[in-house]
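Here are two short exercises to work through with the viewer open. Try each task before you read its solution.

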Amino acid sequence: MKRGFIAAVLVLTPTLAVAWPWSQDMMNQPSIKPQETDNGKLYQFPKRSVPTFGIPTKVANREEAGKLTNPIAATPESLKTGERLFKIICSACHGLTGKADSPVSPKIGAIDLTTEYVQQQLTEGWIFGTITFGSAIMPAYGKPGEGGGSNDLSVEERWHVVNYVRHALAKASSPAVAEAGSK
Ligand code: HEC
């Protein structure tokens, strides 16, 4: 009986310990927490902070980006990631099929991404640069501040989107597939 009691105390002790106030100590520190606000405004990342994932963009503008070669092979995994990101970010303006068929497309003047112009004439680097720095109306997704831009897409993610646009979008938006996808 006595042994049983001691065993029970031993088993329960660690469970009680986590409830002590000091078990929260690591949380209470001066670092800025995700989504923490300052007078209702989200904290901006300090100017020189670098993402913990991926390398920062090394090119200064879209012209320079145009000369880059795509470092990421268009593997099925890359296309899958690219497709997911395309649907989240690009489709609002360019349409789920990329054919500028979203309700917003005509209002904003978003172009069809399955045309020969985007599929053949533009370099992959230029498309990467367009996503990074934005275009005339299109916002930037790799450079905060530029034309209302954000850094929503890491360098790798942008190349995955380029892969999807160039290697799968035109095929995915063929009538039969688009029809199936819209159901
Ligand atoms: C807020 C709307 C919007 C979103 C979101 C958007 N675009 Fe665009 N995009 C446009 C508009 C408008 C144009 C045509 C006018 C211009 O060049 O800005 C365009 C043009 C382009 C061009 C052609 C650039 C050129 O040199 O002619 C490419 C390529 C492109 N977008 C790819 C993308 C990709 C990939 C995404 C997702 C990462 C995306 N866009 C997200 C609005 C958008």
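A polar contact here is a pair of N or O atoms within 3.5 Å; within protein, one must be able to donate a hydrogen and the other to accept it, and residues adjacent in sequence count only if both atoms are side-chain atoms. You're looking at a predicted model, where local features need pLDDT of at least 70, side-chain atom pairs count only at pLDDT 80 or more, and totals for chains, interfaces and linings use all residues. Residues are numbered from 1 along each chain as its sequence is written, and side-chain values use heavy atoms, with hydrogens and water left out.

**Exercise 1.** Find what surrounds the ligand and which polar atoms lie by its oxygen atoms.

Step 1. Collect the shell (residues with a heavy atom within 4 Å of the ligand). You should get 21 residues, with Cys90, Cys93, His94, Ser135 and Met138 the closest.

Step 2. Ask where they come from: α3 gives the largest share, four residues, and α6 (124-133) also supplies at least two.

Step 3. Go through the ligand's oxygen contacts. For serine 135, a polar side-chain atom lies 2.5 Å from a ligand oxygen. The backbone takes over at alanine 136, with a polar atom 3.0 Å from an oxygen of the ligand. Methionine 138 also uses a backbone N or O atom, at 3.0 Å from a ligand oxygen.

**Exercise 2.** Check the backbone of alanine 100.

Step 1. Locate alanine 100: look in the loop between α3 (76-94) and α4 (105-108).

Step 2. Read off its phi, which is positive, about 55°, although alanine 100 isn't a glycine. Most residues other than glycine have a negative phi.
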